[in-house]
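User: Please take a close look at one strand and the residues around it, and then walk me through other parts that help a newcomer find their way. I would like longer explanations, with each term made clear as it comes up.

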Amino acid sequence: MSVPVNVYVYDLSKGLAGQLSLQLTGKQIDGVWHTSVVVFGKEIFYGPGICETEPGRSHHGSPLRIIDVGETSLDEQTFQEYLNEIKEHYTADKYHLLDFNCNSFTNDCLGFLTGGSLPSYIKDLPSDFLSTPFGAALRPTIDAMFRGRVSTGVLTPPPDIGPATTTSPNPALASSLLQAVAAGATSGGSGTPSSSRNYLPTPAPTSPPTPDQSNTLTTPVFIATNPSHFHNVLRTHRAVVAFFTSATCGPCRMIEPVFEDLARNKSRANGVAFVKIDLSVGMSNAVGGEYGVRVTPTFILFLDGNKTHELNGVNAPELRTQVDLLLYQAFPPHPHTAISLPAVEAISLNAILSSQVPNLDTALAKVTAFIDAASSWSGSATKEDTKQIIAKNIIPYLKARGSSSPPNISFEPWKGATISLATNLSAGELFPVVDMWRIALLEPAVCGWSATKLGPESPIIVLLSRAEGAPRNYTLTLLRMMSNAFSNKVIARELLLSSRPSITAVLVAALLHEDATVRMAAASLAFNMAAHLQRLRVENVRRNAEGDDADENEDWDVEMTSALLEAIEREKTTEEIVHRLTASLALLLRLSPFLEQLTPLLEVLQARKILKEKLERGGCGEAGVVKKEVRKLIGEVAEKLCP
């Protein structure tokens, strides 16, 4: 008789991750998921060992959602025997918030009961978090918290947790949220209902010895105890290194530190996985049998799910060599890493900012006059409310920029006022408001707030939506505002994700504008967008990691390459515009993941010829490009990045 199997899902952040993750990490993370498996009338989860409670009665409270994962034909006794087999594996001291947690346990149980696995949004959460700069910076802090718990039994944040969280716009909030989540994940459930009890307590010290796994707490090693879990790792990673071991294997303990060192230095989120399969635990022997493992230690390497090499015994140099060869096959280095590009590498990736402050009193007077002249008014903020917000909130804040004690105000009213202004004023009347936002986006506090407001009613998006058919003054000011916005990596990422087509439409048209000042502003925005992508690509090369697909867009790269080349070809008067456009093109091409598509495009568009013409008489000004460093950059891009 089949028995239903459910997964209970909880959010350890109690909703805070969904509200604050964009601000803290630059990536939307809807929850910090804790899961348990519910079967045979029991809720079973991993935290302080393997625990059991009545469904919905754990210290986590009521589940946020319940996932029906099918049915199992196994009986309760068989499942109990399985849990007894893996209890020494899932002990309190081995728990790690990122690498070996409740979701690892739930996934193993699902594989045993149904052959299924957890949804990817739960399984991939650690990888999603670690792919952010904030997550990568916080990794050592999280490791230290759990490493300290191994010896003390208490989850203890290290004293230097503050510096690790300074990559967040709100370090104090990041620190407190991290500690709350970690404590909730490992809580023994004091004050839990009396029906809750430890289901399979941590084994006593007299239990049979197992290989020392304390280092696993600080290395991204997957633990597979059944075929379903292992197959899922193979499906979700390009390269996999599987380590088959056993509890009584002395040589395994000798080679394990080498394996964990490789995992620590070579793992890549969703790209490279290091998996440990203890043949004495759970259904791991079925995994070994599938691949003909007869001795331990055995290492089997996989590429795209296919076995490529097997290594038996203790041979650390050969293991390192084979892992390096596997990674080279899976992720060959970018061709540009072998090319000397001194001029391109010398380009500063700092954003080009528009920081000149207008006469704020004049801007206030203009906007007030436009509001008073409006024949009708709609929106959540009335005329008087809007004028008050600008005069009493926005303008004083902007005037206090750079002071030792800037006013501590809420930016929320700015959003309502901006929406009302954009709804009731023409684009020609609206440009002073855009100019205020241009200056405001130079402030980290405004950027931090704006990063959490990038929906349809975001002031940046609202002002961008008025660009079509706008007069010169609005277009120019908007381009400068967007350039400043792209100086913030969180806002830049979210704008590319949510509004790339709209931004690109404004940018491409402005690159060919008849007014040189508009073209200069457009070239600055193009550079800041390309620099943002270049920073991500350089970091990926350094970490030997693939870029986040969300950051990359092949069609956009093709469109921007074409637009930049056309703008370079047409620019005959202003050398600095040519400089910024060429720098943008260089950053777009260097380390691009789309070289296969861009190379024939560059040939068809005669990119090398267009660039070299800028160096000749009449190419840009009467004598062509004059500045030595600009000539060197143009020549290098033409000769080394263009076919």
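Analyst: **Strand E2 and its surroundings**

Both faces of E2 are covered, since Trp33, Thr35, Val37 and Val39 on one side and His34, Ser36 and Val38 on the other are all buried, where buried means under 20% relative accessible area, exposed means over 50%, and partly exposed lies in between (1.4 Å probe, protein chains only). This is a predicted model, in which local features need pLDDT of at least 70 and side-chain atom pairs count only at pLDDT 80 or more, while totals for chains, interfaces and linings use all residues. Residues are numbered from 1 along each chain as its sequence is written, and side-chain values use heavy atoms, with hydrogens and water left out. The labels follow a simple scheme, in which helices (H or I, at least four residues) and strands (E, at least two) are DSSP runs numbered from the N terminus.

In a regular strand the side chains alternate between the two faces of the sheet. Strand E2 covers residues 33–39, and because seven of its seven residues are buried, E2 is largely enclosed by the rest of the structure.

Strand E2 has two antiparallel pairings to look at, where two strands pair if DSSP finds at least two bridges between them. Strand E1 (residues 3–11) is joined to E2 by six bridges and runs antiparallel to it, with Asn6 standing opposite Val38 of E2. Strand E3 (residues 42–47) also runs antiparallel to E2, here over three bridges, and Glu43 in E3 is the bridge partner of Val38. The connection from E2 to E3 is a hairpin with two residues between the strands, and in its turn Phe40 has a positive phi of about 55°.

One residue of E2 leads on to a loop further along the chain. The side chain of His34 is joined to that of His60 by a polar contact of 3.3 Å, a polar contact being a pair of N or O atoms within 3.5 Å; within protein, one must be able to donate a hydrogen and the other to accept it, and residues adjacent in sequence count only if both atoms are side-chain atoms. His60 sits in the loop between strand E4 (49–53) and strand E5 (65–72), and its side chain makes another polar contact of 3.3 Å, with the side chain of His59. Although His60 belongs to a loop, it counts as buried because its relative accessibility is 9%.

A second covered strand can be set beside E2. In strand E9 (residues 272–278), seven of the seven residues are buried; Val272, Phe274, Lys276 and Asp278 point one way, and Ala273, Val275 and Ile277 point the other way. Strand E9 pairs in the parallel sense with strand E7 (residues 221–223) over three bridges, where Ile223 stands opposite Lys276. Strand E9 also pairs in the parallel sense with strand E8 (residues 239–245), over seven bridges, and there Thr245 has Asp278 as its bridge partner. These strands belong to an open sheet of five, in the order E7-E9-E8-E10-E11, with mixed pairing. E7 and strand E11 (306–312) stand at the edges with a single partner strand each, so one side of each is left without a neighbour in the sheet.

The loops around E10 hold two backbone features. Thr296 and Pro297 are joined by a cis peptide bond, with omega at about 0°, and Pro297 lies in the loop between helix H11 (284–290) and strand E10 (298–303). In the loop between E10 and E11 is Asp304, a residue other than glycine whose phi has a positive value near 55°; with a relative accessible area of 45%, Asp304 is partly exposed.

The last stop is a pair of cysteines. Cys249 and Cys252 form a disulfide with their sulfur atoms 2.3 Å apart, a disulfide being a pair of cysteine sulfur atoms within 2.5 Å, and by this rule the count comes to one. The torsion about the S-S bond of Cys249 and Cys252 is about 85°, so the disulfide is right-handed, and both Cys249 and Cys252 are buried.
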